[in-house]
Amino acid sequence: MSFLSAFRRDWMASPRADILAGIVVALALIPEAIGFSIIAGVDPRVGLYASFSIAVIISFVGGRPGMISAATAAVAVVVVPLVKEYGVDYVFAATVLMGVIQVIAGFLRLDLLMQYVSRSVVTGFVNALAILIFMAQLPQLINVTPVTYVMVAGGLAIIYLLPRLTKAVPSPLVSIIVLTAISIYGGLHVNTVGDMGKLPSSLPFFRIPQVPFTIETLRIILPYSVTMAVVGLLESLMTAQIVDDLTDTPSDKRRECKGQGIANFVTGFFGGMGGCAMIGQSVINVKSGGSTRLSTFVAGAFLLFLIVALGPLVAQIPMPALVAVMIMVSIGTFKWRSIRNLGSHPWQSSVVMVATVLVVVWTHDLARGVLVGVLLSGVFFASKVQRLLRVDSRLSPDGRTRTYTYTGQVFFASTERFAKAVDFKEPVEAVLLDVSAAHFWDISAVGAMDKVVMKLRREGKSVDVVGLNEASATLLGRFAVHDKAAAGSIDH
């Protein structure tokens, strides 16, 4: 594909829709970035500058067009102790190192680990995130004036009803504009963006973090950087998968790993904290018509324009307008079909999905929830596969030889069944282990074969192993200890 055709596909496929979607996302990013700055204990400009920088850079170097990356709560939570103990410059340094680690992860192809995340875990991750997005709006809905609820209801009405009349303009953008106009000209007493924190009035500038360039500094920031890198990549790759499903288009996960690293590395030098992909804003972008890199670029660039050039006006945007948009995102993100599927899907899949949701919502830690889901999936998979090992036996007509026929997979979870099937005390002269229909996968499987053969020989029986396939024979030939001297006589 030529550069020009690639540029048209990635940037100019639908410029009008992408620009409008980017504007909606930029408006939704402001309170989020300020809120995450407050969580981290830093000045609001740190989160806002980070959101601008990451979004703009990732639009060029990311692997998933149309996905929004910016400052996030998942990363902000990690740096809280670092800010309290050492100050914000250490956060910038940790962000730079976070970027380096993520780029290395991209070269090491750690994105391939996503292959081990089951569909049930992804569904649980999405549902948990939808719940967290909704819960994050509750502070704006508690102890507020009645007009707040009216505005939220009005905003949702515009968002859901306007598309029935026209889709020329994203309904969330219309909702924000209409509610802002009503709030300003009606003099309504509601919370505004300005109440979240002071908006910066200057552009970010290049600045080397003011920390000592010593091994001690590296020792301080490395644990935080590693955690930020892992959490950021996990959330980004999961979000990329979700956007892939929403748009029915593929993404380059390896490039996304490197892109996230480059974006965070640069952001650390422009006074921003670390970030990653945001599922909420990505869903807003896609549902508003954004599908290319242009929408991500506009989101970041327009965010900076809003806070620097239109700061006083942006500060007057009523929070109910943005709350309505985020509630729409929450409703649209949740996989409602998964509730109906609880009764029809295998119970193991349902347990994995529900456990992922509960852990994420309980801990507000996406990484922990996904880890629990992946571990449960692994346990259930191993349990399922180990039951696929079948053992049959027959006694020869003369009663002198017992043949055990193994069918299935021999690995760490099925080794107990492999050994328990053998009657070591049976009064026979010879035992034949037929593994023609079996496959040996790991050292545990080799150990099981060693155990069976050596125990039978201690009971005075001759043992023959027949039917090893080439891969299994190679594995046993390298690591088995039961008959090294006679290894060449085994019938392959």
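What is the strand order of the open sheet of 4 strands, and is its pairing mixed or of one kind?

## The open sheet

In this predicted model, the open sheet of 4 strands follows the order β3-β4-β5-β6, and its pairing is mixed. The edges are formed by β3 (390-395) and β6 (462-466), each of which pairs on one side only, and from one strand to the next the twist averages 15°. Strands of a sheet pair through backbone hydrogen bonds, in either a parallel or an antiparallel manner.

Within this sheet, strand β4 (residues 401-410) and strand β5 (residues 430-440) run parallel and are joined by 9 bridges, and Q409 stands opposite H439 in β5. Helix α20 (residues 443-458) lies across β4, β5 and β6, and runs at about 175° to β5.

## Domain layout

The protein chain is divided into domain 1, which covers 9-337, and domain 2, which covers 389-486. Taken over C-alpha atoms, the centres of domain 1 and domain 2 are separated by 57 Å.

## Nonpolar cores

In soluble globular proteins, nonpolar side chains tend to be buried together. The largest nonpolar core in this model has 106 residues, and those with the most contacts inside it are I30, M238 and M273. Helix α2 (residues 15-40) gives the most to this core, contributing 13 residues. When its neighbours within four places in sequence are left aside, I30 is in contact with L48, V193, L199, L303, L306, I307 and V314.

A second core, separate from the largest one, has 28 residues, among them F440, A445, M449 and L468.

## Cysteines

How many disulfides does a search of the whole structure find? The search finds 0 disulfides. A disulfide is a covalent bond between the sulfur atoms of two cysteines, and the cut-off applied here is that the two sulfur atoms lie within 2.5 Å.

For C257, the closest cysteine sulfur is that of C276, and because these sulfurs are 12 Å apart, they are too far from each other for a bond. Seen from the other side, C276 is likewise in no disulfide, since the nearest cysteine sulfur, belonging to C257, is 12 Å away. As for their surroundings, C257 is buried, with a relative accessible area of 1%, and C276 also counts as buried, at 0% relative accessibility.

Methods: Residues numbered from 1 in each chain as written. Predicted model: local features only at pLDDT ≥ 70, side-chain atom pairs only at ≥ 80, totals over all residues. Heavy atoms only, no water. Domains from an automatic or database assignment. Pairing = 2+ DSSP bridges. Helix = DSSP H or I, 4+ residues; strand = E, 2+ residues; numbered from the N terminus. Axes fitted to C-alpha atoms, helices over the stretch in contact; angles between N-to-C directions. Contact = heavy atoms within 4.5 Å. Buried < 20%, exposed > 50% of the residue type's maximum accessible area, 1.4 Å probe, protein only. Core = buried A, V, L, I, M, F, W, Y, C linked by side-chain atoms within 4.5 Å.
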